[in-house]
Amino acid sequence: MNIFEPFLYWFAGMWLVWLFYLASMNLKRARDKGLLMKGTFVYSLGMGTVVIPGLALNWLLNQTFNRLMFLELRTPPLEMTTARLKRHKKEGGWRAKLADWYCSNLLDKFDPDGEHC
């Protein structure tokens, strides 16, 4: 195994989860504008192909690579990335700085509310 291979997997996982996040935020924006109604084909399509797989990938990435990135061995079993980031932002220290960078650059800008974390 190449020494860089785990980093490649981490980067690919982060990128894929971020793409699902961007698509989910676009669906949220459409829903908030009244353009995406529950019970419609498009709503079901969005939930089935974007939101649910995105949540599963988010959880998987959070329980593996994000655990390493924040140097945490124990975390709540169902915790998602955003919950981890919010927790670290409150706690302070180097993890708060990393969480703040993560939120500011990758999440908050793309949430329709402007503040994801």
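Here is a short chat about helix packing, a core and one glutamate in a predicted model.

Student: How are α4 and α5 oriented to each other: parallel, antiparallel, perpendicular or oblique?
Tutor: Two packed helices are described by the angle between their axes and the distance between the axes. Here α4 and α5 have axes 7 Å apart and an angle of about 130°. That angle is not over 145 and lies outside 65 to 115, so the pair counts as oblique.

Student: And what's the handedness of the crossing where α4 passes α5?
Tutor: Start with who meets whom: on the α4 side there's Thr 81, Leu 85, His 88, Lys 89 and Glu 91, and they meet α5 residues including Ala 99, Tyr 102 and Cys 103. The contact residues split into 6 nonpolar, 3 polar and 4 charged. As for the crossing of α4 past α5, it's left-handed.

Student: Which elements give two or more residues to the largest nonpolar core?
Tutor: That core has 12 residues, among them Met 14, Leu 85, Tyr 102 and Leu 107. Tyr 102 also touches Met 14, Leu 85 and Leu 107, plus Asn 66, Met 69 and Thr 81, once neighbours within four places in sequence are set aside. The elements you're after are α1 (5–32) and α5 (93–107).

Student: Is Glu 72 buried or exposed?
Tutor: Glu 72 sits in the loop between α3 and α4. Leaving out residues up to four places away, Glu 72 touches Arg 67, Arg 84, Arg 87, His 88 and Arg 95. Its relative accessible area is 10%, and the cut-off is under 20%, so Glu 72 is buried.

Technical notes
Residues are numbered from 1 along each chain as its sequence is written. This is a predicted model: local features need pLDDT of at least 70, side-chain atom pairs count only at pLDDT 80 or more; totals for chains, interfaces and linings use all residues. Side-chain values use heavy atoms; hydrogens and water are left out. A nonpolar core is a set of buried Ala, Val, Leu, Ile, Met, Phe, Trp, Tyr and Cys residues joined through side-chain atoms within 4.5 Å. Buried means under 20% relative accessible area, exposed over 50%, partly exposed in between (1.4 Å probe, protein chains only). Helices (H or I, at least four residues) and strands (E, at least two) are DSSP runs, numbered from the N terminus. Contact means heavy atoms within 4.5 Å. Axes are lines fitted to C-alpha atoms, for helices over the stretch in contact, and angles run from 0 to 180 degrees between N-to-C directions. Angles under 35 degrees count as roughly parallel, over 145 as roughly antiparallel, 65 to 115 as roughly perpendicular and the rest as oblique. A crossing is left-handed if the near helix is turned anticlockwise from the far one by less than a right angle, and right-handed if clockwise. Ala, Val, Leu, Ile, Met, Phe, Trp, Tyr, Cys and Pro count as nonpolar, Asp, Glu, Lys and Arg as charged, and the others, Gly among them, as polar.
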